[in-house]
Amino acid sequence: MASSEAYDVVIVGAGHGGAAAAAALRQRGFAGSVALIGDEPDLPYERPPLSKDYLLGERAFERMLIRPAAFWAERAITLRLGERVERVDAVARRLDLGGRSIGYGSLIWATGGAPRRLSCSGHDLAGVHMVRTRADVDRLIGELPRVDTVAIVGGGYIGLEAAAVLRTCGKQVTLVEQQDRLLARVAGTTLSHFYAKAHRARGVTLRLGAEVACIEERDGASAGVRLADGAMLTAQMVIVGIGIVPAVAPLRDAGAAGDNGVTVDAYCRTSLPHVYAIGDCAAHINRFADGALIRLESVQNATDQATIVARHLTGAPEPYDAVPWFWSHQYDLKLQTVGLAIGHDEEIVRGDPATGRFSVIYRRTGRVIALDCVNAARDFVKGRALVLAGATTDADTLRDPSVAL
Ligand SMILES: Cc1cc2nc3c(=O)[nH]c(=O)nc-3n(C[C@H](O)[C@H](O)[C@H](O)COP(=O)(O)OP(=O)(O)OC[C@H]3O[C@@H](n4cnc5c(N)ncnc54)[C@H](O)[C@@H]3O)c2cc1C
């Protein structure tokens, strides 16, 4: 496996974090050699449209590229697409790409995660889909014309966005969620009930508190979802959106510390020398999560952590301390969230959910920790300052939409 190919910085994973890290290095004047390695064949692209307007057929793939093709060449960033890093040798500082070896000065691990699969029988039948990559979604889109009934497993953002798109396309959609409410992992009950009502009003059937027993087969393909209570949800297509498993095996095998992903410090350094990790796969202590060690799965987190690493590598270190934010589009409902609702003990509803325009303000021990804003962009913008300050504004003021936040 002898090879002299080596780069000052190698970035593994050409998604949001990897692309942002390469761009940020050059923007900050980094003059060394940079390689960006990704196992998908496409130029780095935005993932959020995959469950939104790309799935709906309203956005061309070219309009999802993070940067145009020429950007990378102009900045002397070597793209190695369609190649997968299988092993990391952190002592020799070399990567094994399935027989080819590449050396690195510093390594940035930005591999995101693989969609979590159901473990029951039938999980791998034809007609069972995930929504993580362009290839996943192209496969799904290819089958859609032959499909009338769809079952979606998972009532998180990706499942709900897919439900909204497919309902908009006129499909019969049933969504199965194990918890007794939607978005249980990330939001409070007001938002969960609002989205349940919104989806039901548009014709989606929700099965909450329901466990999947298996995917039933007919003629080698999925025939629908069998629930643990025996009910059968007939569906020609099944979409599974139950989270991701961080793609960190090569790095963990090389000795990087971590349990849920790879653990990083405030500069995104792993426990291995000269190795950083960013984005969905990087577990970090986050003060907006009350100091818990968490992974964030958002574009904001991936791009902000990319900047932190670029700063560190260009001699201007700054610890990661960004306010988390996120968005989700379902039907005509634009949700923007800021902060993390983890551990909240109070929900203050600002505006009337029945109007389709309102915010939920989350507090913990009297301090504002997060906002979910539905069609309320101004609250989102102002709310950021409240979260940053841990504001203790009284509840009546927060609740009153006639008083600016
Ligand atoms: C359908 C969908 C909708 C989303 N919507 C939103 C949204 O509305 N708002 C929001 O903030 N976030 C959204 N997200 C989340 C957001 O896209 C992720 O948080 C973000 O992409 C994380 O960036 P990343 O660089 O960590 O990983 P990714 O962007 O996933 O990039 C990782 C890349 O590394 C590659 N890779 C993995 N292992 C290897 C290896 N060993 N060798 C080479 N390459 C490898 C992967 O194939 C992938 O291309 C959405 C995600 C999905 C899937």
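This is a dialogue about how to read some features of a predicted model.

Visitor: Let's start with helices. How many residues does α1 have, and what span does it reach from its first C-alpha to its last?

Guide: A helix has an expected rise of 1.5 Å a residue, and that gives you a span to check against. α1 has twelve residues and reaches 16 Å, close to the 16 Å expected. Try helix α7 too: its 15 residues, 299–313, should span 21 Å, and because its end C-alpha atoms are 21 Å apart, the two values agree.

Visitor: Is α1 mostly covered or mostly exposed?

Guide: Mostly covered, with eleven of its twelve residues buried. The buried ones include His-16, Gly-17, Leu-25 and Arg-26. They pack against β1, β2, α2, β3, β6 and α7.

Visitor: And which residues of α7 are buried?

Guide: Gln-300, Asn-301, Ala-302, Gln-305, Ala-306, Ile-308, Val-309 and Ala-310. Their cover includes α1, β6, β18, β19 and β21.

Visitor: What should I look at where these helices stop?

Guide: Look at the backbone angle phi. Just after α1, Gly-29 takes a positive phi of about 90°. Just after α7, Gly-315 has a positive phi of about 75°.

Visitor: Which residues other than glycine have a positive phi here?

Guide: Here's the general idea: most residues other than glycine have a negative phi. Two cases to look up in this model are Cys-268, with phi near 65°, and His-274, with a positive phi of about 65°. Cys-268 lies in the loop between β17 and β18, and His-274 lies in the loop between β17 and β18 as well. Their surroundings are worth a look: Cys-268 counts as buried because its relative accessibility is 1%, while His-274, at 39%, counts as partly exposed.

Visitor: On to strands. Which strands pair with β1?

Guide: Pairing is read from bridges between strands. β1 and β6 pair in the parallel sense over six bridges, and Val-12 has Trp-109 in β6 as its bridge partner. Four bridges join β1 to β2, and these two run parallel. There, Val-9 stands opposite Val-34 in β2. Five of the seven residues of β1 are buried, so this strand is largely enclosed by the rest of the structure.

Visitor: What is the order of strands in the open sheet of three?

Guide: The order is β17-β19-β20, with mixed pairing. β17 and β20 stand at the edges with a single partner strand each, so one side of each has no neighbour in the sheet. β17 and β19 run parallel, joined by two bridges. Thr-263 has Ala-283 in β19 as its bridge partner.

Visitor: How do I read a nonpolar core?

Guide: In soluble globular proteins, nonpolar side chains tend to be buried together. In this model, the largest nonpolar core has 46 residues, and Ile-11, Val-34, Ile-108, Ile-278 and Val-368 touch the most other members. Among the elements that each supply at least two residues are β1, α1, β2, α7 and β25. The largest share, seven residues, comes from α1. Apart from this core lies another of 42 residues, among them Tyr-45, Val-165, Leu-183 and Tyr-362.

Visitor: Which residues does Ile-108 touch?

Guide: Leaving out residues up to four places away in sequence, the list includes Val-9, Ile-11, Ala-21, Tyr-276, Val-309 and Leu-313.

Visitor: What does a buried polar side chain do, say that of Asp-96?

Guide: Look for polar atoms around the side chain. Asp-96 is in strand β5, and it counts as buried because its relative accessibility is 8%. A polar atom of its side chain lies 2.9 Å from the backbone nitrogen of Gly-98. The backbone nitrogen of Gly-99 is also 2.9 Å from a polar atom of the Asp-96 side chain.

Visitor: Finally, the ligand. Which residues come nearest?

Guide: Of the 31 residues around the ligand, Asp-39, Glu-40, Lys-52, Arg-132 and Asp-280 come nearest. To read such a site, check whether a backbone or a side chain makes the approach. An N or O atom in the side chain of Asp-39 is 2.5 Å from an oxygen atom of the ligand. With His-16, a backbone N or O atom lies 3.2 Å from a ligand oxygen atom. With Val-85, a backbone N or O atom lies 3.0 Å from a nitrogen atom of the ligand.

Methods. Residues numbered from 1 in each chain as written. Predicted model: local features only at pLDDT ≥ 70, side-chain atom pairs only at ≥ 80, totals over all residues. Heavy atoms only, no water. Expected span 1.5 Å × (residues − 1). Buried < 20%, exposed > 50% of the residue type's maximum accessible area, 1.4 Å probe, protein only. Contact = heavy atoms within 4.5 Å. Core = buried A, V, L, I, M, F, W, Y, C linked by side-chain atoms within 4.5 Å. Pairing = 2+ DSSP bridges. Near = heavy atom within 4 Å. Polar contact = N/O pair within 3.5 Å; in protein donor to acceptor, adjacent residues only side chain to side chain.
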